[in-house]
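Visitor: I should like a close look at one loop position in this model, followed by a connected account of the elements that can be described around the rest of the chain. Please begin with the loop.

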Amino acid sequence: MTAETLVDALNRSCHCISVDQGALQQTLEAGFGASGTFSRFQQTHPHLFADSPVFVSREQIEQMKAVITAINHVVGLERYREMVLQWVPGLAATSPGPKGVFFGYDFHLTNDGPKLIEVNTNAGGALLLLHVASAQKACCSEVENFVTGRLDAADLELEFVDMFRKELHAQIPGNTLRCVGIVDENPTEQYLGPELVLFQEMFLRHGIDAVIAGPEQFEIRGSRLHAQGKDIDLVYNRLTDFYLQTESCSTLSDAYKSGIAVFTPNPHTHAIFANKRNLTILSDATCLRELGANSQSIRILESSVPKTRLVTRDNADDLWTRRRQLFFKPNWGYGSRGTYKGAKLTKKTWASILAADYIAQELVLPSERLVVIDGSQRSMKLDVRCYVYDGEIQLLGARMYRGQTTNFRTDGGGLAAVFTAPEI
């Protein structure tokens with residue numbers, strides 16, 4: 001039996017590993033500390049965590065690593081950066097130094113290998129996945145020993161904290177990270193808002209102060225960025241206003257331009273890695289060759305990044321004709337907002353896409369995982385996310401769902417731990 005066949009079999013029929021709800025509650029209670037968030041969290045997030053893990057093969061992991069390495073090679077090309085920086089505001093033109101925390105490389109697993117669907121530079125869920133992965137239980141020792149992928153939550157948490165310190169030193173060498181400003185729009189109303197509390201508590205456990213604030217709560221006093229009465233050394237940026245263009249982000253924009261605080265991830269990293277339009281380059285072998293990419297990276301990306309085109313008036317008729325084989329996304333979008341499966345497009349929606357800034361990506365169907373809910377088997381779609389820092393995978397997670405996109409509203413769905421099948 002090949003590794004892929006074994007993984008397929010495990011995702012179809014293995015129900016021997018599940019979330020130990022008691023252990024999950026215990027680790028989350030500890031993670032939230034005395035904030036009082038956990039009791040509210042239980043009521044508002046009933047479908048955030050999937051009860052079953054997802055299995056991937058070591059070969060699939062190596063293939064995903066190769067894609068990430070190839071993208072880093074392309075991003076390092078001067079001609080590539082010159083091209084993609086033409087598409088974004090001037091704020092993003094230069095790099096202040098930080099590499100960007102928690103890049104999310106999202107893959108669909110296919111019979112032809114993992115396919116990269118998109119890259120995100122403010123990917124949420126890492127700390128939540130850390131908790132759910134540490135709370136898995138097996139029904140017997142044979143199954144417990146059959147899969148690998150267990151992780152030491154304390155070690156990985158320490159790695160995360162050190163990552164933020166590295167980001168500070170990349171821009172301001174020698175400085176000590178004393179206070180982090182965790183920023184998101186209306187943070188208490190965000191669905192993943194409770195994760196921001198987990199980050200705040202994580203920093204506090206490691207001797208770093210942290211505040212959670214909306215962008216309008218920041219101010220500049222003298223030569224320092226402040227929030228809630230505290231000097232901010234580093235901004236952990238969870239905003240989806242990637243280029244700090246809204247009025248509420250004006251203070252943060254000024255702070256970023258002046259360099260008085262470190263931002264991670266920042267507008268530059270989004271511009272060169274995560275603008276959806278970049279996929280039109282990464283999926284185009286001819287363009288990559290002209291930009292100077294090496295043959296190995298071109299081969300990997302050509303086979304792993306679904307063909308993507310910019311939607312224009314000139315190609316509108318062709319894209320409409322082929323819409324059932326395409327998926328449409330806004331260039332600066334995030335999550336699943338504004339995305340459309342071509343087969344469900346109406347003429348009215350198509351008109352709005354043409355009037356906006358969209359890409360058309362070849363449709364790659366997600367793989368599936370069979371789960372048991374109330375004694376019955378149900379098929380769940382899934383994607384795998386690699387959480388990456390400086391080109392290296394720190395954590396693997398999966399999202400299981402039903403319907404068109406991930407929604408964290410489905411029985412049996414949500415964030416899922418990833419286990420790796422042993423080598424054959």
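Guide: The residue to start with is Phe-102, which sits in the loop between α5 (78-84) and β3 (103-110). The model is a predicted one, and the values below are computed from it. Phe-102 is not a glycine, yet its phi is positive, at about 55°. Most residues other than glycine have a negative phi. The relative accessibility of Phe-102 is 1%, so this residue counts as buried.

Asp-390 offers a second case of this backbone feature. Its phi is also positive, about 55°, although Asp-390 is not a glycine. Asp-390 belongs to the loop between β18 (376-389) and β19 (392-401). With a relative accessibility of 48%, Asp-390 falls under the 50% above which a residue would be exposed, and therefore counts as partly exposed.

Strand β18 leads to a further positive phi, in the hairpin that β17 and β18 form. Two residues lie between the strands of this hairpin, and Asp-374 takes a positive phi near 55° there. The two strands pair in the antiparallel sense over seven bridges, and Ser-367 has Leu-382 of β18 as its bridge partner. Strand β17 (residues 367-373) has alternating side chains. On one face are Ser-367, Arg-369, Val-371 and Ile-373, which are buried. Glu-368, Leu-370 and Val-372 point to the other face and are not buried. Ser-367 thus appears twice in this description, as a buried residue of β17 and as the partner of Leu-382.

A peptide bond also deserves attention. The bond from Thr-264 to Pro-265 is cis, with omega near -10°. Most peptide bonds are trans. Pro-265 is located in the loop between β12 (262-264) and α11 (267-274).

Turning to the pairing of β6 and β7, strand β6 (residues 179-183) joins β7 in the parallel sense over five bridges. Within this pair, Ile-182 stands opposite Ile-212 of β7. The path of the chain runs from β6 through α9 to β7, a β-α-β crossover that is right-handed. Strand β7 (residues 209-213) has four of its five residues buried, so the rest of the structure largely encloses this strand.

Helix α9 (residues 193-205), the helix of that crossover, also packs against helix α2 (residues 21-32), at an angle of about 65° and with the axes 8 Å apart. Because angles of 65 to 115 degrees count as such, α2 and α9 are roughly perpendicular to each other. From α2, the contact involves Leu-28, Ala-30, Gly-31 and Phe-32. From α9, Pro-194, Val-197, Leu-198, Glu-201 and Arg-205 take part. By class, the residues of this contact comprise six nonpolar, one polar and two charged.

Thr-27 is another residue of helix α2. At 22% relative accessibility, Thr-27 is not under the 20% limit for burial, and so counts as partly exposed. Leaving aside residues up to four places away in sequence, Thr-27 touches His-131 and Ser-134. Its C-alpha atom is separated by 32 Å from that of Ile-117, which is 90 residues away along the chain.

Conventions. Residues are numbered from 1 along each chain as its sequence is written. This is a predicted model: local features need pLDDT of at least 70, side-chain atom pairs count only at pLDDT 80 or more; totals for chains, interfaces and linings use all residues. Side-chain values use heavy atoms; hydrogens and water are left out. Axes are lines fitted to C-alpha atoms, for helices over the stretch in contact, and angles run from 0 to 180 degrees between N-to-C directions. Angles under 35 degrees count as roughly parallel, over 145 as roughly antiparallel, 65 to 115 as roughly perpendicular and the rest as oblique. Contact means heavy atoms within 4.5 Å. Ala, Val, Leu, Ile, Met, Phe, Trp, Tyr, Cys and Pro count as nonpolar, Asp, Glu, Lys and Arg as charged, and the others, Gly among them, as polar. Buried means under 20% relative accessible area, exposed over 50%, partly exposed in between (1.4 Å probe, protein chains only). Two strands pair if DSSP finds at least two bridges between them. A crossover is right-handed if, with the strands pointing away from the viewer, the path from the first strand over the helix to the second runs clockwise.
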